[in-house]
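Colleague: Could you take me through one part of this model in detail, with the loop residues that have unusual backbone geometry as the part I would like to look at closely?

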Amino acid sequence: MQGFPGGTPDPQQLQSTMLAIEQACSLIQLHINPSEAEKVISSLHSSLMPYQACRYILETSQMPNARFQAAGTIGDAAVREWGILADDNKRSLILYCLNYVMEHASSPDGYVQSKVSAVAARLLKRGWVEFPDQEKATIFFEISEFSPLTASAMGLPKEFHEKCEWSIEVHFLKDFYCWAQAAVFNTADKIVNSNVTIPEERACSAAVRLMFQILSWNFKHTVEHDNSDAKINSGLRSDTINLKKFERSLVKPGSLWREILISSGHTAWILNFYTTLRQKYSYDTLWVDSPLAVSCRQLIVQLCSLAGSVFPNDNGDAQVKHLMHILSAAVLWIEPPDVIATSIRNGGSESEFIDGCHVLLSVASLTTASLFDNLLKSIRQYGTINLLSALTSEAVKSVLDNQSEEETWGSDALDILLETWNVILGDTDTDKSPISVDGAHAASSLFKIIVDSHLKAAADSAFEDTDDTEYFHVSVSKRDEQLALYALIARAAADTTIPYLAQLFSERFARLSQLAREEMLYASILRHPWFYALYCCKILLSNKNGESDPTQTLEELYWLLLITSHVLTDSGEGETLLIPEALQAGFPNVLEAAQHPVVTLSWSIINFSRQCLDPGIRAKGQVSRAETDGVGLNGSQHSRKLLNTFAWENNQGELVLDFVVLISMLALTTYQGENELQTLTCQKLLATVVRRKHTCTCLVQLDSWRDLTRAFASGRSLLSLSGRLQRSLAETLACAASCIKDPEASAQYLRELMGPVAGCLVENASRSDLKSVAQQADVIYMVCCLLERLRGAARAAQPRTQKVLFEMGHTVMNSLLTLLEVYKDESTVVYMILKFVVDFVDGQAVFLDAKETSALVSFCLRLLQIYSSHNIGKVMLSLSSSLRSESQAEKYKDLRALLRLLTNICSKDLVGFLSDSNGEGSPDIAEVIYVGLDIVTPLISLDLLKYPKLSRDYFVLTSHLLEVYPEKVAHLNRDAFARIDSDIVERCLAGVNALASYNFRERLGGREGLNSQLMEAEGSHGKVQESISSHFLRLLLQLLLFEDFRMELASSAADALLPLLFCEQELYQRLVHELVEKQQNPTVKSRLASAFHNLTSSNNLASSLDRPNRQKFRKNLRTFLADVSSFMQIK
């Protein structure tokens, strides 16, 4: 090929090079001396002008791996040597790669052709800015290389990549689509009319796939002129739907694409082409998974996401017609649902069914619920929601019929279909066009099928013991997510689904009650032998059908409780639970609470739970429904009033709260070892009722609540809870004190709750035989439980309860120091003590007066000194790797606790109080902090800084210290100061600003400042010593110019850079000069020099650190970064 680089080749040299590369590839495949083989291949990659050798290998070698390596070498060498290649050489390399791909299109080694094609795309992009437009248009290349997400590293500025992206999108992308479209048109007739598989099918499939990839482009350079009001009136959505499980973005190529995609009937042609092929190959069940079929469906789904100004401004008519055409064709893939589902179960392909579901999801994300439902009515006697309901029913049945399989077609389809329901129903509260009566009926029918299917699955799994078939062994989060989507469907037809749930619940409850009565009857007569024989016969007969075993009924009730809880309220994670709007606005014709289905269902669940709690409660009778009568209102407002005043009258709310406490007590004391149940009780149920003040006010007056607090304070029944739950329960019980209106009563409540806990800890620490018994497992467990309880109470500090809690903490301070010395080798206890002190300081800091603060800081100083004196937390290098790993994890926890403690002590509240206290003996808070820093910094290693939380805590503390106590930095010893390294520039710009500002002011006043603090840095002649401000200046310039700097940090960076420039003007000028002179491109050199000049001269910048001057420099730096980032950030 004319112009191919590399000169005249030597045939013998080419042959020996090929043999060496083939041998190296063989050795790597056989795992024989791979390092030497890699050196041989690497030598080819790094050699000068290897193009002729690579061409020889590509055309001669019979080994695919050798050809693959040769192709990669061409790409690497060409990018590396681009500056010395002639224009003819560059074009020849690109054309050679493209010709090679076309000539070897039928080769079985497709990965080699893909590599050569990628090299062609890479080289074309490298020369994209240099080549004229006419020359670009003659070269066919791989589009994905021009996307920033898939771009190869070339060592070029970001601006280059952005120019390539803009150029390809604006000038060539549409032409590429037309070329691919023409290729499909030219091969379509041959494919349709041929009776056998022909080579044109592969070309057609590739062209369709290219069209799909082009429409997947992230169009950025299009101008949109949407008429939002017109779209809303037509039933199209004006907003963008964020899907939970699927990444789907709207395709907005702009008005320039209208002729190709819309006006020309392109979508209709693609739909007809696929439908024709589908009919032609109807006898072949494997055709739907062929490359051509898959590519066509992918393109159709992508066309379904078209939006924006690609459609004419005709009130949305063209887009609605476009969606209707696609839906009319895609409905053939998924209808009738039961027949297709049966075919898939019998071994048929599910890919077309899945793609049809994706079409429905795409249509739903572009339309309102009413338009979505109406689209199908033009060709069917039912709406799209009816079809969606039928599809979802089949998917649910498939999932429940194949529980032993982790992933099935049913689970994939169900995820898509439930997401579609979520799009349709998720915004019904504000949707101006909710689903129709027919749609609600379809939702109701679907929900009943869902419930019936799950109840059957629950009953069938009741006696299964193997993990593979256990129905409920799924992740709780995934289960709850699915149930929440089921609940949306139920609320869409609440007038029928809520009564249906109530009916099912009543039936199962009645069945369970009947079984219980039979058990009681038989128990009374079993003392007679004759009756006992009859009873045994009955058991043998009834157990065949499970008639007398309540297990199945209990499993069904469990699932009903799960789904009912999701229907009646949203998950409300971290929020106050509210009644869903669909339920509040529903049931407009219900005038009495006794007849309100939601009220009826809620009381049924409450009464069922109460009777399960204690069989004796049944004798007292259920809550009278007549007591729940409401006030007469009209319509939906009346329904809303009934629900929002649920259990308000006749002390019904107190009965419910009393039941909540009783069942919580039962769960915590009776079901030991049931961690999930006890976690829900402590962290969800009790925490929720305490969170709302008016509820908590009633709660603390109940006898059952007093029983719970007494059991916690002095009983041993709750000591079996895990440490985390001990802490959570203590926090909840202590929080309730703030809801007691009388301050004295509130304080007394806390003393009775936590006094015995604190007293027990003091008693344990004061034992004369403590050292001899301290290492016993039961003693350690008791100490840990008490510490967890104290920690939970410390986290509940409120203005009303702070004094009592401080008294509690002050009582145990000396005991904690004693325990820290005794348990210096017991990492668990040490960590518990540190965490309690952290939470105690954090909760008390904002409330303390000077005297209390002094006592607390003195205690913290003594704690740190004891911790340091015993070398707690240090890791011996002589330990084995496993012990070192365990010690590293323990040390990480201790260090985090210490860092948080120091940060809390350093809070401005404590600083403010101590600054006003000048009495003798008051501790210097800076002394405490720097004692802690001297302890912490030697223990922190680079490996530990890889823990994100520890790293964040460390730099938050360090930046705070530099800001509050910069004068103390000059007195740090060398080892401690060396810990302030380059990461602070990135994470603690505020600290650098404070440090540099302090240094500038000191030097401006003729003092030394931080000049005595030197740091080691890598220089051109090895390691050198430089000042701290010089060190930070280098690092900050490196971050701003060459790293992925976030613009939102520009203001903080400017504040840190300005004082550094004032301190190190000479170094700054030298660094700028060196950087500018390194630039070989004259344009870049000129732009960079101008940007640096404007950085320090624009906006009349002065040599001061006052607020106006800082604001000017912030503007200058933002302008500077915007100018240089495009050509200085290399990719």
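Modeller: Buried means under 20% relative accessible area, exposed means over 50%, and partly exposed is what falls in between. Keeping in mind that this is a predicted model, I begin with Asn-1099, which is found in the loop between helix H50 (1082-1097) and helix H51 (1107-1128). At 40% relative accessibility, Asn-1099 therefore counts as partly exposed, and its phi is near 60°, a positive value in a residue other than glycine. A positive phi in a non-glycine residue is also found at Asn-33, where the angle is near 45°; this residue lies in the loop between helix H1 (11-30) and helix H2 (34-46). Because its relative accessibility is 42%, Asn-33 counts as partly exposed.

Another loop calls for attention to omega rather than phi, since the peptide bond that leads from Glu-335 to Pro-336 is cis, with omega near -5°. Pro-336 has its place in the loop between helix H14 (317-334) and helix H15 (337-345).

For a setting outside the loops, one may turn to Ser-365, which is found in helix H16 (residues 351-366). With a relative accessibility of 10%, Ser-365 counts as buried, and its side chain reaches the backbone oxygen of Ser-362 at 2.7 Å.

Note on methods. Residues numbered from 1 in each chain as written. Predicted model: local features only at pLDDT ≥ 70, side-chain atom pairs only at ≥ 80, totals over all residues. Heavy atoms only, no water. Helix = DSSP H or I, 4+ residues; strand = E, 2+ residues; numbered from the N terminus. Buried < 20%, exposed > 50% of the residue type's maximum accessible area, 1.4 Å probe, protein only. Polar contact = N/O pair within 3.5 Å; in protein donor to acceptor, adjacent residues only side chain to side chain.
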